[in-house]
Amino acid sequence: LSRAAPAPAARPEMNGFRGALGGDEETSSRGFGSRDWGARSRGPSYSSRMGNSSSTSLVVGRQESKLLRQANEGESEVAMKRLEIASKHVVDQMKSDETSRDRLELMMEEENGVYQCRNQHANALYRNLIRVDSVPIPSGIIKAYKEMRVFKSFNGLFPEISRAYITMDNRLFLWNYNQGKSFLPYEEVDQLIISVGLVKPKPSTGLQEAGIRYLLIVTTPVDCILLGMEFEGDHVDGEVFLRPTQFSVPTDGVHMLKVAGTPDGRIFMGGKDGNLYELIYETHPSCFQSKCRKFNHSTSVYRPRGLLKLVLPSILWFGTTSPIIDLVVDPARHLLYALSHDSS
């Protein structure tokens with residue numbers, strides 16, 4: 001008996017496949033159906049490759065997340081340490097402010113005075129200082145300080161005339177610390193006092209012949225004023241009188257933070273702009289010059305740095321200008337020392 005061979009399976013019609021996909025003839029003609037059949041024919045190998053790729057991406061993503069998390073934690077620790085350091089610095093500064101005392105309060109204490117060495121032992125460790133005298137601040141000055149709302153106040157000594165001074169905004173007080181009771185208030189300045197200084201007048205000015213023993217320099221944000229000082233009995237221990245003079249010069253907006261005078265009557269001033277000025281005063285100036293003027297030694301054309309500042313515009317001048325906060329005169333060597341804010 002012969003068995004008939006099975007008939008070959010009929011190939012599905014394209015129309016039926018198109019109907020299954022829900023497409024049209026244009027879609028079928030582009031071969032989307034054949035690509036779909038090809039994807040199905042790849043079967044397990046294609047699926048396994050897709051699965052491995054997904055697993056690898058997941059592992060890499062987790063590692064990146066872990067690294068990012070560790071980096072964030074490290075940055076947080078660094079930030080916390082910085083905050084702790086800053087907090088400690090602020091607390092230390094607040095404690096320092098609380099423990100520091102006002103200079104006027106320290107001067108008002110009874111511990112201030114004149115001290116002497118009690119034991120003249122060869123070894124300095126056995127030498128003790130004892131207080132032999134005390135000069136309190138006059139009560140009138142303390143009362144004025146308490147009654148006023150002081151914006152700026154500073155004090156110092158003029159040993160040449162045995163006087164101490166204290167400023168309260170635009171008011172100046174002088175008192176003899178050898179006597180300790182009498183004082184002189186000066187209230188003719190209408191601006192905030194920035195600094196004061198003392199110098200003997202130049203012999204060429206003829207002020208000494210007029211009875212003026214010293215010149216008191218008072219600087220404000222607007223101008224620099226010279227006041228003549230006369231003493232009763234022509235002695236520094238006598239009562240002092242302040243006389244206005246014809247010498248004054250504008251500051252041009254520069255605060256003069258320190259004033260120093262030389263034995264021959266020259267006046268130097270340290271500016272907030274970092275420049276060193278000299279206040280020149282003459283009773284008989286030459287032609288085309290005023291009786292009182294200021295000269296900037298830092299920008300002199302005879303100095304390279306000063307010449308550059310004069311030639312170059314301010315916007316092209318590179319460098320910092322530290323304020324001059326102190327001036328000291330060395331009369332023996334004829335030198336002038338200047339100290340800036342950044343100790344340069």
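D169 sits in the loop between β4 (163-168) and β5, where helices (H or I, at least four residues) and strands (E, at least two) are DSSP runs numbered from the N terminus. Its phi is near 60°, a positive value in a residue other than glycine. Most residues other than glycine have a negative phi. D169 is also buried, with a relative accessible area of 14%; buried means under 20% relative accessible area, exposed over 50%, and partly exposed in between, using a 1.4 Å probe and protein chains only.

Before going on, a word on the model: it is predicted, so local features need pLDDT of at least 70 and side-chain atom pairs count only at pLDDT 80 or more, while totals for chains, interfaces and linings use all residues. Residues are numbered from 1 along each chain as its sequence is written, and side-chain values use heavy atoms, with hydrogens and water left out.

**The overall picture**

The protein's secondary structure comes to seven helices and 16 strands. Of its 344 residues, 29% count as buried. The protein exposes about 23600 Å², and carbon and sulfur atoms supply 55% of that; these areas come from the Shrake-Rupley method with a 1.4 Å probe, and for residues only the protein chains shown count as cover. Take the contacts (heavy atoms within 4.5 Å) between residues at least 6 apart in sequence: 39% of them join residues at least 24 apart.

**Inside: the cores**

A nonpolar core here is a set of buried Ala, Val, Leu, Ile, Met, Phe, Trp, Tyr and Cys residues joined through side-chain atoms within 4.5 Å. The largest one has 20 residues, and F158, I161, V196, L216 and M229 touch the most other members. Strands β3 (153-158), β5 (171-176), β7 (195-199), β8 (214-219), β9 (223-231) and β10 (240-250) each put in at least two residues. V196 gives a feel for the packing: leaving aside neighbours within four places in sequence, V196 is in contact with F154, F158, Y165, L172, I217, V218 and V259. There's also a second, separate core of 18 residues, with V199, L207, C224 and M256 among them.

Helix α6 (residues 139-147) has a sided look too. Its buried residues are I141, I142 and A144. Seen down the helix axis they fall within an arc of 160°, so they line one face of α6; the arc is that of the directions from the helix axis to the C-beta atoms. On the face turned away from the buried side are the exposed residues S139, K143, K146 and E147.

**Salt bridges**

Count a salt bridge whenever a side-chain nitrogen of Lys or Arg lies within 4 Å of a carboxyl oxygen of Asp or Glu, and you get nine. Here are three of them.

| Pair | Closest N and O atoms |
|---|---|
| R171 and E187 | 2.6 Å |
| D234 and R213 | 3.1 Å |
| D330 and R333 | 2.9 Å |

R171 is in strand β5 and E187 is in the loop between β6 (183-186) and β7, so this pair ties together parts 16 residues apart in sequence. E187 is partly exposed, at 46% relative accessible area.

D234 and R213 link distant parts of the chain: D234 is in the loop between β9 and β10, R213 is in the loop between β7 and β8, and they are 21 residues apart. R213 is partly exposed at 29%.

As for the D330 and R333 pair, D330 counts as buried at 13% relative accessibility, whereas R333 is exposed at 58%.

**Around β15 and β16**

H334 lies in the loop between β15 (324-330) and β16. H334 has a positive phi of about 60° although it is not a glycine, and H334 is exposed, with a relative accessible area of 71%. Next comes L335, in strand β16 (residues 335-340), which is partly exposed at 38%. Together V328, L335 and Y337 make a nonpolar surface patch of about 270 Å². Patches are made of residues with over 30% relative accessible area and no salt bridge, with like charges joined within 9 Å and nonpolar side chains (Val, Leu, Ile, Met, Phe, Trp, Tyr) within 5 Å.

Finally, look at L257 in strand β11 (residues 256-261). L257 counts as partly exposed, at 30% relative accessibility. Not counting residues up to four places away in sequence, L257 touches I194, S195, G270, K272, P323 and I324. L257 and L327 are 70 residues apart in sequence but 9.6 Å apart in space, C-alpha to C-alpha.
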